[in-house]
Amino acid sequence: MSKPADHQQLFENALDRLRTSGYKVTAARRDLLKILCQTGDHLTSTDVIEKAAQAKRPIGRASVFRTLDLLTELGIIRPTYLHRGAPNYIVMPENGHHAHIICRDCSQVIEINECSIDEMIDALEVRHNIEITGHLLELYGKCKDCE
Ligand SMILES: [Zn+2]
Ligand SMILES: [Zn+2]
Ligand SMILES: [Zn+2]
């Protein structure tokens with residue numbers, strides 16, 4: 001689990017990126033990002049709607065979908081897909097690293113902080129003549145409970 005300070009930093013950085021892209025920080029955009037950053041978890045659109053209502057700062061369904069689309073387009077958040085159901089959204093940090101392991105049976109998600117694909121990225125940049133600015137690394141398997 002990340003520390004609260006990390007969540008705050010991620011949140012403020014996400015707002016900065018929104019502004020830098022030329023978008024206003026509306027109440028819905030701020031509240032939605034706050035929810036995603038605070039939980040540090042994968043959330044579906046329904047989760048976001050429920051959490052906003054619980055916090056007494058409801059966001060309308062259409063507004064949630066529009067905002068999720070916009071933030072995805074800007075690369076601030078990304079959808080991930082678990083075993084079944086609606087996509088889960090995560091906030092991508094500015095260094096562009098997100099990595100986790102997913103159990104294919106129960107969809108349990110284990111977030112991992114360490115990442116050692118830097119060398120591979122360097123090689124790929126040269127080979128394909130592209131600057132790589134981020135990555136979403138997903139490993140999947142079967143957890144002990146599901147064996
Ligand atoms: Zn994850
Ligand atoms: Zn499992
Ligand atoms: Zn990484």
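Visitor: Which pattern does the protein chain follow when read along the sequence?

Guide: Good place to start! This is a predicted model, where local features need pLDDT of at least 70, side-chain atom pairs count only at pLDDT 80 or more, and totals for chains, interfaces and linings use all residues. Residues are numbered from 1 along each chain as its sequence is written, while chains are lettered from A and ligands numbered from 1 in the order in which they are written. Helices (H or I, at least four residues) and strands (E, at least two) are DSSP runs, numbered from the N terminus. Read that way, the pattern is α-α-α-α-β-β-β-β-α-β.

Visitor: What is the radius of gyration of the protein chain?

Guide: This value is taken over C-alpha atoms, and the globule rule is 2.2 Å times the number of residues to the power 0.38. For 147 residues the rule gives 15 Å, and the chain's value is close to that, so the chain is as compact as a globular protein of that length. The radius of gyration is 16 Å.

Visitor: Which element gives the largest share of the largest nonpolar core?

Guide: A nonpolar core is a set of buried Ala, Val, Leu, Ile, Met, Phe, Trp, Tyr and Cys residues joined through C-beta atoms within 7 Å; buried means 20 or more other C-beta atoms within 10 Å of a residue's own, with C-beta atoms placed from the backbone. The largest such core has 22 residues. Elements giving two or more residues to this core include helix H1 (4-20) and strand E2 (88-91). The largest share, five residues, comes from H2.

Methods: A residue is buried if 20 or more other C-beta atoms lie within 10 Å of its own, exposed if 12 or fewer, and partly exposed in between; C-beta atoms are placed from the backbone.
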